[in-house]
Amino acid sequence: DLHSFPTRRSSDLEISDTNINGVGRPVVDANNIAYILDSGLNGIFAISTEGILWNVTVTDGIGSTLAVDNENGFLYAVNANGTLYKYDTTDGSESLVYDLESAGVSIILDADSNVYVSTAAGDVVAISADGDVLWTINLGSKVTGQLAMDNNGIIYAVADKKLYALGFSANLNVEGQNVTVF
C-alpha cells in the first residue's frame, strides 16, 4: 500500500558568507541555531538563518565533538587537550567544566542535563550539570563512534569491537558475539 505525502520544496540557503572550515558534526539547538567547530578560527561559530550570531576561540584549540543542552542553554565541547568546556548559547562565553586528560570522541546529555563524554583513552565519564563527576569507567581501548542512550538511561559505547551497555542493572539474556554488559 503506497502512501503519498505532501512535499515541500525549498531552495538551498547560504546562511553565512564566511569561509567555515568545519570539523566534526554540526549540532542544532531548539531555536534552530547551528553550532560548528571551525579549524580556521580554532573555535566555534553559532549561526542562524540570519547569519553568524557569535564566534569564540576555544581555549587551547578545538576538538571534534559538540553537544547542546537545550534545557539550560549551553553548548559543550572538548578542546584539543581533553578539557570539557561549556559555552553559553546566547553569547559564547566559555566556562571550564572538567579536565578529561584525553581527546573527546563523543558527548551526549540526558534529561537531567548530565553530560556523558567518551575519550580516546577509553574512558566514559558522567558529569553532572554542576560539573561534579558522577562516575567514570575505562573500557580498555579507544571508544569509537558516537555514544547513544536509550529511554532507560543505558549508555551504549563501542570499544575494541565490543558493544558496552553502561548502567544496565537487570538480568539480561543475550545471544551474540562480543557483547559486554556492565
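**A walk through two cores and a run of hairpins**

In the hairpin formed by β13 and β14, five residues lie between the strands, and G153 adopts a positive phi near 85°. Strands here are DSSP runs of E with at least two residues, numbered from the N terminus. The model is predicted, so to speak of local features requires pLDDT of at least 70, side-chain atom pairs count only at pLDDT 80 or more, and totals for chains, interfaces and linings use all residues. Residues are numbered from 1 along each chain as its sequence is written, and side-chain values use heavy atoms, leaving out hydrogens and water.

Let's stay with this hairpin. β13 (residues 143–149) pairs with β14 in the antiparallel sense over four bridges; pairing asks for at least two DSSP bridges between two strands. Here A148 has Y156 of β14 as its bridge partner.

Moving on, β14 also runs antiparallel to β15 (residues 162–166), joined by five bridges, with A157 opposite Y164. Two residues separate β14 and β15 in their hairpin, where D160 has a positive phi of about 50°.

β14 (residues 155–159) has two faces: I155, A157 and A159 are covered, while Y156 and V158 are uncovered. In a regular strand, side chains alternate between the two faces of the sheet.

Now for the interior. The largest nonpolar core (buried Ala, Val, Leu, Ile, Met, Phe, Trp, Tyr and Cys residues joined through side-chain atoms within 4.5 Å; buried is under 20% relative accessible area with a 1.4 Å probe, protein chains only) has 16 residues. Among those with the most contacts inside this core are V27, W54 and Y87. A second, separate core of 12 residues includes I108, Y116, L139 and L147.

Definitions and conventions
Buried means under 20% relative accessible area, exposed over 50%, partly exposed in between (1.4 Å probe, protein chains only).
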